[in-house]
Amino acid sequence: MVKSIKQVREEFFSSGTSIAEWARINNFSPDLVYRILKNNQIPQRGKSHEIAVKLGIKEQKIMN
C-alpha cells in the first residue's frame, strides 16, 4: 500500500525516529530525504526515487 507524504511524516513523529537518523541508517542524504518530504511531488528517478520507495510513498515497479 502506498502512503501519503503526510502519513510518512506522522509515522516519524509517532515513532520518535528523526528523519535524519532514518536517512543515515538507510545510507541516504538527510537533506535529500527532508526535501522529498517537504515537496508534494513524488520523485521519478535516481536516489530520490529510491528514497520514495523505501519510505513507502511510491511502489517499486520492475521493468522487463
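Helices here are DSSP runs of H or I that hold at least four residues, and they are numbered from the N terminus. With this naming, Asn 27 is found in the loop between α2 and α3. The model described in this report is predicted.

**Confidence**

The chain has an average pLDDT of 89, and 95% of the residues score at least 70. In the chain, helix α2, which covers residues 19-25, has the highest confidence, at 96. The lowest confidence belongs to α4, with a mean of 91. Where pLDDT is low, the predicted coordinates should not be read in detail.

**A loop residue with positive phi**

Most residues other than glycine have a negative phi. Asn 27 is not a glycine, yet its phi is positive, at about 60°. This residue of the loop between α2 and α3 counts as exposed, because its relative accessibility is 64% and the cut-off for exposed is over 50%.

**How the helices pack**

Helix α3 takes part in two of the contacts described here, one with α4 and one with α1.

The axes of α3 and α4 lie 10 Å apart, and the two helices pack at an angle of about 70°. Angles from 65 to 115 degrees count as roughly perpendicular, and α3 and α4 are therefore described as roughly perpendicular to each other. On the α3 side, the contact is made by Leu 32, Val 33, Ile 36 and Leu 37. These residues meet Lys 47, Ser 48, Ile 51 and Leu 55 in α4. By residue type, this contact of α3 with α4 consists of six nonpolar residues, one polar and one charged.

The axes of helix α1 (residues 5-15) and α3 cross at roughly 130° and come within 9 Å. The pair α1 and α3 is therefore oblique. Here Ile 5, Val 8, Arg 9 and Phe 12 in α1 meet Ile 36, Leu 37 and Lys 38 in α3. The contact of α1 with α3 contains five nonpolar residues, no polar ones and two charged. Ile 36 and Leu 37 appear in the contact with α1 and also in the contact with α4.

**Salt bridges**

Side chains of opposite charge can pair when their charged atoms come close. The structure holds three salt bridges, and the table gives the N to O distance for each.

| Salt bridge | N to O distance |
|---|---|
| Lys 3 and Glu 11 | 2.9 Å |
| Asp 31 and Arg 35 | 3.1 Å |
| Lys 47 and Glu 50 | 3.5 Å |

Why can Asp 31 and Arg 35 be described as about one helical turn apart? Both belong to helix α3 (residues 30-38), and they are four residues apart in it. Lys 47 and Glu 50 are likewise separated by about one helical turn, because they are three residues apart in helix α4 (residues 46-55).

Are the partners in these salt bridges buried, partly exposed or exposed? Lys 3 is partly exposed, with a relative accessible area of 26%, and Glu 11 is partly exposed at 36%. In α3, Asp 31 has a value of 45% and Arg 35 a value of 49%, so each of them falls between the cut-offs of 20% and 50% and counts as partly exposed. In α4, Lys 47 is partly exposed at 46%, as is Glu 50 at 41%. Lys 47 has a further role in this picture, since this residue is also part of the contact of α4 with α3.

How values were computed
Residues numbered from 1 in each chain as written. Predicted model: local features only at pLDDT ≥ 70, side-chain atom pairs only at ≥ 80, totals over all residues. Heavy atoms only, no water. Salt bridge = Lys/Arg side-chain N within 4 Å of Asp/Glu carboxyl O. Buried < 20%, exposed > 50% of the residue type's maximum accessible area, 1.4 Å probe, protein only. pLDDT = per-residue confidence, 0-100. Axes fitted to C-alpha atoms, helices over the stretch in contact; angles between N-to-C directions. Parallel < 35°, antiparallel > 145°, perpendicular 65-115°, else oblique. Contact = heavy atoms within 4.5 Å. Nonpolar A, V, L, I, M, F, W, Y, C, P; charged D, E, K, R; others polar.
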